[in-house]
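Here is a short tour for someone opening this structure for the first time. Keep the view open and follow along, one stop at a time.

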Amino acid sequence: MIRQAKISEIPDILTITQACAQKMQENGILQWNEHYPSKEAFIQDIKRNELFVIEKNSTVQGTIVISTLMDEEYIPMKWLTPNGNSTYIHRLSVHPELQGQGLAQKMMDFAEAFSRENGFVSVRLDTFSQNKRNQRFYEQRGYQKLGDIFFPKQSDHPFHCYELVL
């Protein structure tokens with residue numbers, strides 16, 4: 001089941017994202033670190049009603065943020081659709097022990113349906129240039145790679161921007 005996250009679940013959510021960060025680092029993907037994703041980011045996501053979790057038997061298994069806020073890093077990007085009517089996906093995570101079961105696909109299905117049902121014209125996101133698995137994941141869903149942006153606190157390597165026109 002996918003639903004909005006509760007503030008009381010932040011410790012569980014951080015456990016998941018920290019486990020994901022560790023697994024990525026073990027695979028040489030320095031995408032998430034001690035700065036990101038942060039407790040403060042998740043608190044803001046919950047305040048904006050943008051953080052969702054996937055759960056089974058009352059256990060949080062993963063997270064996704066469906067936001068309407070455009071990060072300033074995205075401003076220079078030449079998107080496929082005009083700005084102002086898109087959703088932005090952030091902090092998609094599935095606990096490493098549960099990866100490979102289609103949970104991320106379910107959360108993306110949910111995010112895309114949510115965006116379509118609420119009248120948005122596209123879904124936008126970025127993924128780390130060194131994370132080839134994530135790039136394949138989004139490209140197989142029909143997302144188009146548009147260009148690169150940088151998040152210096154996370155990495156010297158770029159992040160690829162993607163957009164799916166609904």
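## Two helices that cross

Let's start with a pair of helices: H1 passes H2 in a right-handed crossing. Who does the touching? On the H1 side, the contact is made by Ile10, Ile13, Leu14 and Thr17, and they meet Lys39, Phe42, Ile43 and Ile46 of H2. Sort these contact residues by character and you get six nonpolar, one polar and one charged.

If you want to find the helices in the viewer, H1 covers residues 10-26 and H2 covers residues 39-47. Their axes come within 10 Å, with a crossing angle of roughly 125°. H1 and H2 are therefore oblique to each other. As you look, bear in mind that this is a predicted model.

## An unusual link between the helices

Now look at the loop between H1 and H2, where Pro37 lies. What kind of peptide bond joins Tyr36 and Pro37? The bond is cis, with omega at about -5°. For background, most peptide bonds are trans.

## A cluster of rings

Next, the aromatics. How many aromatic pairs does a search of the whole structure find? The search turns up 11. One of them is Phe137 with Tyr138, an edge-to-face pair with 5.0 Å from centre to centre and 75° between the planes. Both partners, Phe137 and Tyr138, are buried.

Tyr138 also pairs with Tyr143, again edge-to-face, and here the figures are 5.7 Å centre to centre and 70° between the planes. Is Tyr143 buried or exposed? Tyr143 has a relative accessibility of 4%, so it counts as buried. Tyr138 comes out at 5% relative accessibility and therefore counts as buried. Add Tyr162 to Phe137, Tyr138 and Tyr143, and you have one aromatic cluster.

## A turn with two odd residues

Head over to strand E2 (51-56) and the loop that leads from there to E3, and you'll find Asn57. Ser58 sits in the loop between E2 and E3 too. What is notable about the backbone of Asn57? Asn57 is not a glycine, yet its phi is positive, at about 50°. Ser58, which isn't a glycine either, has a positive phi of about 65°. By way of context, most residues other than glycine have a negative phi.

How about their surroundings? Asn57 has a relative accessible area of 70%, so it is exposed. Ser58 is exposed as well, because its relative accessible area is 70%.

## Inside strand E3

Step into strand E3 and look for Gln61. Is Gln61 buried or exposed? With 9% relative accessibility, Gln61 counts as buried, because the cut-off for buried is under 20%.

Which residues does Gln61 touch, leaving aside those up to four places away in sequence? Among them are Ile16, Ile54, Glu55 and Lys56. The list also includes Ser93, Val94, His95, Leu98 and Leu103.

## From E3 to E4

The last stop is the loop between strand E3 (59-67) and strand E4 (86-94), which is home to Asp71. Asp71 has 28% relative accessibility, so it counts as partly exposed.

How far apart are Asp71 and Tyr88 in sequence and in space? They are 17 residues apart along the chain, while their C-alpha atoms are 8.9 Å apart in space.

Conventions
Residues numbered from 1 in each chain as written. Predicted model: local features only at pLDDT ≥ 70, side-chain atom pairs only at ≥ 80, totals over all residues. Heavy atoms only, no water. Axes fitted to C-alpha atoms, helices over the stretch in contact; angles between N-to-C directions. Helix = DSSP H or I, 4+ residues; strand = E, 2+ residues; numbered from the N terminus. Parallel < 35°, antiparallel > 145°, perpendicular 65-115°, else oblique. Left-handed = near helix turned anticlockwise from the far one by under 90°. Contact = heavy atoms within 4.5 Å. Nonpolar A, V, L, I, M, F, W, Y, C, P; charged D, E, K, R; others polar. Phe/Tyr/Trp six-rings, centres within 6.5 Å; stacked < 30°, edge-to-face > 60°. Buried < 20%, exposed > 50% of the residue type's maximum accessible area, 1.4 Å probe, protein only.
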